[in-house]
Amino acid sequence: MQIKSIVRQSKVQPTVHSRSFQAHSDWVNDIILCNRNQSIVTCSNDRLVYLWSTTQNNMYMRLGYHTDHVKCLAYSSSGGWVASGGLDRRVMVWDTLEGREREIVGFSVSSSVFCHDKSPKASIYALACNPAGTTIVSGSPDKVVRVWDPRSGKQAIGLTGHRDNIRGLLVSDDGKWVVSASSDSTIKLWSLAHPQRCMVTYTHYEDSVYCLYSNHPDLDTFWAGGRDGLVTKMSRRRIGGDPKKGRMEDELVDCVAICKEDGPVHKLVAVDDMFVWTATNKSNINRWRDIPFRQAIVVSNRTAIPEESDHVYIPAASYHSTAKGRSRWRSQP
């Protein structure tokens, strides 16, 4: 009876449609849950930003607008605000608690030294912040990841290294790490303590990478979706460092393919290690089974590896030969 109960509980429950929201007059580009899931914020090609109630029907208000398409959103749960970025080369921050229909902070990328005032390459295609709201990052076709101080509205750091448009961004909870995805088919990990160059470049994609998602506070695990429809899951492990000898930590990266969509993946969300939700150019949203990682264990030598085990064992000599600052890829069966 106990086994049957476990099997019954493990069955995948069907999804249930709860509520629809309609006010935008054009394509909706981004959606974010906020205020403890009591509200959602949406942005659209109609240049508007709306705040909706998830608990009551037809309860919504317009937060504000941009002068061009609004492409992306980022939410600070502690700060109680949502940032929006658009093709007007502006990042604007809105109060979701009081619902004020005005910008709290507005700053234009055109004032940056990285591009000319009227350059179309300064448009905002990606946006992210940490929960505390102390760090905002934006990405543009000018290939620069910009780090902003939301208190002053001024750019603090510019991260350079990508060769094409920045399409996806993540910020760790402490605001010290950033992951960026680009149309140059690479994903880069940055330390804001050492912004001169990226820490790791992931090159497993052969086409543009459009979106990222992580629910890990340090971004040790994250998912990526791209133009080719491939969705992958990556787990980072930093091992082997010795500060006394001046030896940096090497990075071991597990990578597994979750699914392959029929078209480009523009948005994805993962729930624990259970499901991954994907959105493409089509009107439907797909739910896929996630694949948990097996635990990787570093052993002193090959003789210490058991013949049968559910774990992955890696000889220490294997990862020590990895170049510092680069990743060693291991495919999951």
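In the predicted model, one aromatic cluster is formed by Phe21, Tyr50, Trp52 and Tyr60. Across the structure, six aromatic pairs are found. Aromatic rings are also met by charged side chains. Arginine 167 is placed over the face of tyrosine 210, with a distance of 4.3 Å from the ring centre. A further arrangement of this kind involves arginine 287, which lies over the face of phenylalanine 275 at 4.5 Å from the ring centre.

An open sheet is built from four strands, arranged in the order E13-E14-E15-E16 with antiparallel pairing. Its edges are provided by strand E13 (166-171) and strand E16 (200-202), each of which pairs on one side only. From one strand to the next, the twist averages 20°. Arginine 167, described above for its position over tyrosine 210, falls within the residue range of edge strand E13 (166-171). At the other edge, E16 runs antiparallel to strand E15 (residues 187-191), and the two are joined by three bridges. Within this pairing, isoleucine 187 has tyrosine 202 of E16 as its bridge partner.

Both bridge partners, isoleucine 187 and tyrosine 202, recur in the largest nonpolar core. This core comprises 16 residues, and those with the most contacts inside it are Val179, Ile187, Tyr202, Leu212, Phe222, Ala224 and Met234. Two or more residues are contributed to the core by each of strand E14 (177-182), E15, E16, strand E17 (209-213), strand E18 (221-226) and strand E20 (250-260). The core thus draws on E14, E15 and E16, which are also members of the open sheet.

Notes. Residues numbered from 1 in each chain as written. Predicted model: local features only at pLDDT ≥ 70, side-chain atom pairs only at ≥ 80, totals over all residues. Heavy atoms only, no water. Pairing = 2+ DSSP bridges. Axes fitted to C-alpha atoms, helices over the stretch in contact; angles between N-to-C directions. Phe/Tyr/Trp six-rings, centres within 6.5 Å; stacked < 30°, edge-to-face > 60°. Lys NZ or Arg CZ within 6 Å of the ring centre and 35° of its normal. Core = buried A, V, L, I, M, F, W, Y, C linked by side-chain atoms within 4.5 Å. Buried < 20%, exposed > 50% of the residue type's maximum accessible area, 1.4 Å probe, protein only.
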